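Visitor: I'm new here. Could you walk me through this one and tell me how you know what you say?
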Amino acid sequence: MNERTIYLFAALAGGAILPVQIALNTLLRRYIGEPMQVTFVSYLAGTLTSLAVCFFARYPIPASTSLFQTSWWMWVGGCLGTLYVWATIFSTPKIGAALALSLTIAGQMIAALFLDHYGAIGLTKYPASPLRIIGIVFVIIGVSLVAAKK
């Protein structure tokens, strides 16, 4: 197995856990209440898990000098993650997990195509080739099929 294959499997596994996360967070909402409260609990659990992994892997705490060298907007990623988790907790009970996840995947693919094409936010440029655009169109068609009512 080559290095690229490992990255492909890691991305696939990361995607495979999203519907489970959505289902668990939606279930948690029944007990906790508001989607943002569930988002907080979910991120608290994630923070504690990250802390434990760093501790057991013996990763050092980042130096404060490194943290202060960043720009404020680099920290927005956590905020965007919060909005993503909230959006799935908010929408899943009304539209179902399959449609909620399909729409988030379509949104991710469209945004990723633009980010890749322009090399935005420090990413390596990967042009929006006709094949990549057709792939996005297929994703949108797939979302439409999931959204279609009987």
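Guide: Happy to! Keep in mind that this is a predicted model. Let's start with the lining of the largest pocket: its residues split into six nonpolar, two polar and one charged.

Visitor: What makes one residue of that lining count as charged, and two as polar?

Guide: The lining consists of Arg 4, Leu 8, Ala 11, Gly 15, Leu 18, Leu 101, Ile 105, Gln 108 and Met 109. Arg belongs to the charged class, so Arg 4 is the charged one. Gly and Gln fall in the polar class, so Gly 15 and Gln 108 are the two polar residues.

Visitor: Which helices supply at least two residues each to this lining?

Guide: They are α1 (3-32) and α5 (97-118). The largest share, five residues, comes from α1. As for the pocket's volume, that is about 280 Å³.

Visitor: Why are α1 and α4 called roughly perpendicular?

Guide: Their axes cross at roughly 70°. Angles of 65 to 115 degrees count as roughly perpendicular, so this pair gets that name. The axes come within 9 Å, and α4 covers residues 76-95. As for handedness, α1 passes α4 in a right-handed crossing.

Visitor: How do you know that α1 and α4 meet, and which residues are involved?

Guide: Contact means heavy atoms within 4.5 Å, so residues have to pass that cut-off. From α1 come Leu 18, Gln 21, Ile 22, Asn 25, Thr 26 and Arg 29. They meet Tyr 84, Val 85, Thr 88, Ile 89, Phe 90, Thr 92 and Pro 93 in α4. By class, that contact has seven nonpolar, five polar and one charged residues. Arg counts as charged, so the charged one is Arg 29.

Notes: Residues numbered from 1 in each chain as written. Predicted model: local features only at pLDDT ≥ 70, side-chain atom pairs only at ≥ 80, totals over all residues. Heavy atoms only, no water. 1 Å grid on protein atoms, 1.4 Å probe; cavity = no way out; pocket = protein on both sides within 12 Å on 5 of 7 lines; lining within 4 Å. Points joined across faces, edges and corners; volume = space filled by probe spheres on them. Helix = DSSP H or I, 4+ residues; strand = E, 2+ residues; numbered from the N terminus. Axes fitted to C-alpha atoms, helices over the stretch in contact; angles between N-to-C directions. Parallel < 35°, antiparallel > 145°, perpendicular 65-115°, else oblique. Left-handed = near helix turned anticlockwise from the far one by under 90°.
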